[in-house]
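Below are some notes for a colleague opening this structure for the first time. Please keep the display at hand while reading the points in order.

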Amino acid sequence: MKFSEDIRNIKGVGDARGLGFRSLGVSTVGELLRFYPRAYEDWSKILPIAHCPIGENVCIKATVLISPKNERISGGRLIGRGTVTDGDDAVNVVFFNNKYISSMLKQNEEYLFYGKINIGKYSAREMIAPMFVKAAESTEIRPIYPQNKKITSRMIQSAVKTALESIDVIPEYLPDYILEKFDLVSLDRAIRDIHFPDNEEQLQRSRDRLIFDELFILQLSLLSLKSKNTASYTENTVKKDYTEDFFSLLPFMPTNAQKRAAAEAISDMQSGKQMNRLLQGDVGSGKTAVAATLVYSAAKNGMQSALMAPTEVLAVQHFETFSGLFKNTGIRCELLTGSTKSAEKRRIKEELKNGEIDLIIGTHALIQEDVEFAQLGLVITDEQHRFGVKQRTGLCSKGKNPHVYVMSATPIPRTLALILFGDLNVSILDELPPGRQKIDTYSVTSKKRAAMFDYIKKHLDMGYQAYIVCPLVEESDAVTGVLSAEEYYKKASTTAFKDYRLDLIHGKMTSKQKDEVMTRFKNGETQLLISTVVIEVGVDVPNAVIMVVENAERFGLSQLHQLRGRVGRGKAKSSCILVTDAQGDESRARMNIMCSTTDGFKIADEDLKLRGPGDFFGTRQHGLPKFRIADIMTDTKILMQTQELAKELTLTDRLLQRPEHKGIKKQVGKMLHNLQAENTANTI
Ligand code: ADP
Ligand code: MG
C-alpha cells in the first residue's frame, strides 16, 4: 500500500467508515499512520492485586470467584457485582447495563482485567467496569486513539494494523549520520512501535524519534523562511551612538533593562548587518522609551524611521508620546493614518520623500504605495502579533535593508520563543520602572456583583474611570450563562450605572467607530467602558483604575494579564476584579495564578502549561502548526538538539541540495506548504 492511497482501500474500512475517518482528519493511509495513539493500556505488566496503586490504571490476572449477578437498580439500570482473586487478594468487579456479564465472566476461569482499583464500601477493593480478556489471549500494550462517535479506538487500531501489514518497509529519509549521531531508531521502527510497542522502552524510543522529526523539520522550515526574509548587509549603519545624549533628555532614569535593550539594538545597528530584533517587555515596562532611543540615534546618523501601530488610537498615542520626548531635539515626527486629511497627507508624503521628516508614525496607511522615503533606516512595529510578515516586509521594502525592531507586549515563554524566533535576536525588559503600584487582583463570584458595582461607583465618583470586559459581543452569540458586552451595556446603563456616562466598544464595530469610542474614553468623556477584548492592545489611559473581567474563566491567562495591564498606568492604586462562577480545579488554579503574581513571563509559562502551545494565542496568530506528538514544555532537550542541527544544516547546506538531504528537503517542502496554507507563516 502507498501512503497516498485512500483510507477506504484498507481492508475493513470501506466507504461508510471512510467518512468517519475523514471526520477525524484522516483520509489517506499516510495520515492514518501519523494518527498516533493518545495513550496506551498496558496489558503486558501484570501486577499482584496487593501491589496495585489505588486510582491508577492497572492490569491484573485473576480467577472469577463469584460470577457477577445482575440486579435492577433505580432508573431501571442493571448492576452486576462479582469477585475475582489472584490467589492472594480479592477485588470486587462491578458492571453496569451488561445483560450478558454473568456468562462472559465464568466462575473459576482466569481473565486479565484492566482498569482502576478503588476502595469501595466497607473498605473493599473494587474495579468499576474494567475491561477484560481471557487470560490465554496475548498480553500486550494496546494503543488508545482519539475517537469520535463514528470511529472507535478499536476500529482505528485494526485499520492501522492492516495498513502496517501491507507495507513492506516505511522508507527512511534521514541520513545515517543523523540517525547515528542522535541514536535514533528508523522511521519504520518508530511508526510501527508508536502504534504497537512491545514494551515501554520501545515506545519511548519511537516517541523520541517522532518528536525529533517533528521539531527538526519545523525548525528547519522556519529557518529557511527566515533566511529568505533577512538580507544581511546594509548601508544603514549607526556610526555614532547617541544613546547617552538621549537618556539625559528623558524625564526619568532608564531602568537597567532599558539600557541593556537599547545597547543590544544599537550594537546590531552598528554591525553593518541588518538588525532583526524582537523587544519583549511586559505591559508598562517602557518599550516606547527604548524605541525612541533607537530612533534618536538613527536620526542623528541620517536615517529616517517608521513606526507602525495596529490601530489608529495607538498610533495617535505614540505620536503624542514621541512628540513629547523629541521636543527641542530637532527631530521631526509626523502622524499618518487613514483619517489624516488629504492635503496634510500630501504634505507629509512630500516631506518624507525629501527626508525632512525623521520619524513617521502611523497605521498600515504607511504601507501604501505612494509613501516614499529618502533614507528609511529603521522600521519599528508595535504589538507585533497583530501584524503579519507581509505588512512588515511591505514597510521594509520602502528602504534598502532597513533595521527591523519588533515590540511585543506579550511575554512569550522561552521554549516557545526558541521555536518561533529561532535565530531572531530577542531583548527582554524584565524590570518595571520604579515606583509602580502593584495592581491588586481579586477573584469573585457573580454574587458579589452588586458590591462590586458600588466599589466601581465610588471610584467613578472620585473622578476615576473603569473598564468592564465581557467575553461576547452580542446576545446572538449567546452561550448560556455568558455575558455579552451589548447586553451588559444595555442593562448597566439603565440600572446600576444609569447616572453615569457609559460607552460600549467591541470588535464588530468599524475601526472608525472604535477609535471614536476610545478617544472619548481617553479624553475622560466616558466614565465606564463596557468592552470585549478589543481593548487588549496597549491603550494608555492613566486615569482608569479598575478592570473588571466578567466570565474570567473564558479568557487565557496571558489575555487576562494583558487586560489587567490596561490599569495601573497612573499614580493611583488600581485593581483588577475577575468575576467567575466556574468551580473546576483548572479555573481555580488559573484565578490563583492571576491573583498571586503580576509577572507576565511567569503567567505566560503557566498559560502554556495549562493550554498547550496551540491555544496559546490562537494557533493562527502565532504561526505554529499543531504538534502531533512533541510537547514543547517537556521536550526541551530534543528541541535544543534539533535547533542546533537545523542551524548547522542551514549553514552547511542551506538549500538542502546534497543527495543525503534530499528526503529532508521534501519534508521541509511539505511543512512550508502547510505553514503557508494555514496562513500561519505570517508572524514568523
Ligand atoms: P509599554 O512597554 O507597555 O509600551 P510604555 O513605554 O508605554 O510601556 O511605558 C509605560 C509608562 O512608563 C509610560 O508612562 C512611560 O513614560 C513610563 N516609563 C518608561 N520608562 C520609565 C522609567 N525608566 N522610569 C519611569 N517611568 C518610565
Ligand atoms: Mg506600548
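1. Strand S9 sends its side chains two ways: Asn276, Leu278 and Gln280 point to one side, while Arg277, Leu279 and Gly281 point to the other, and all of them are buried. In a regular strand, side chains alternate between the two faces of the sheet. This is a predicted model, and the notes should be read with that in mind.

2. Is S9 enclosed or open to the outside? Strand S9 covers residues 276-281, and because six of its six residues are buried, the strand is largely enclosed by the rest of the structure. The cut-off used for buried is under 20% relative accessible area.

3. Which strands pair with S9? One is strand S14 (residues 403-408), joined to S9 by five bridges and running parallel to it. Another is strand S15 (residues 425-429), which also pairs with S9 in the parallel sense over five bridges. Glutamine 280 takes part in both pairings: its bridge partner is serine 408 in S14 and isoleucine 428 in S15.

4. Helix H9 (residues 256-270) and helix H10 (residues 287-300) have axes that come within 9 Å and cross at roughly 35°. The crossing of H9 past H10 is right-handed. On the H9 side the contact is made by Gln258, Ala261, Ala262, Ala265, Ile266 and Met269, and on the H10 side by Ala289, Val290, Thr293, Leu294, Ser297 and Ala298. Sorted by class, the contact of H9 with H10 holds nine nonpolar residues, three polar ones and no charged ones.

5. A further region to look at is an open sheet of six strands, with parallel pairing, in the order S16-S21-S20-S17-S19-S18. Its edge strands are S16 (440-444) and S18 (502-505), each of which pairs on one side only. On average, neighbouring strands in this sheet are turned by 15° against each other, direction ignored.

6. At the S16 edge, five bridges join S16 to strand S21 (residues 575-579), and the two run parallel. Within this pairing, threonine 441 stands opposite cysteine 576 of S21.

7. Which helices lie on this sheet? Helix H15 (residues 449-461) lies across strands S17 (465-469), S19 (528-531), S20 (544-549) and S21, and runs at about 160° to S20. Helix H18 (residues 557-564) packs on the sheet as well, touching S16, S17, S20 and S21, and its direction makes about 155° with that of S20.

Definitions and conventions. Residues numbered from 1 in each chain as written. Chains lettered and ligands numbered in written order. Predicted model: local features only at pLDDT ≥ 70, side-chain atom pairs only at ≥ 80, totals over all residues. Heavy atoms only, no water. Pairing = 2+ DSSP bridges. Helix = DSSP H or I, 4+ residues; strand = E, 2+ residues; numbered from the N terminus. Axes fitted to C-alpha atoms, helices over the stretch in contact; angles between N-to-C directions. Contact = heavy atoms within 4.5 Å. Buried < 20%, exposed > 50% of the residue type's maximum accessible area, 1.4 Å probe, protein only. Left-handed = near helix turned anticlockwise from the far one by under 90°. Nonpolar A, V, L, I, M, F, W, Y, C, P; charged D, E, K, R; others polar.
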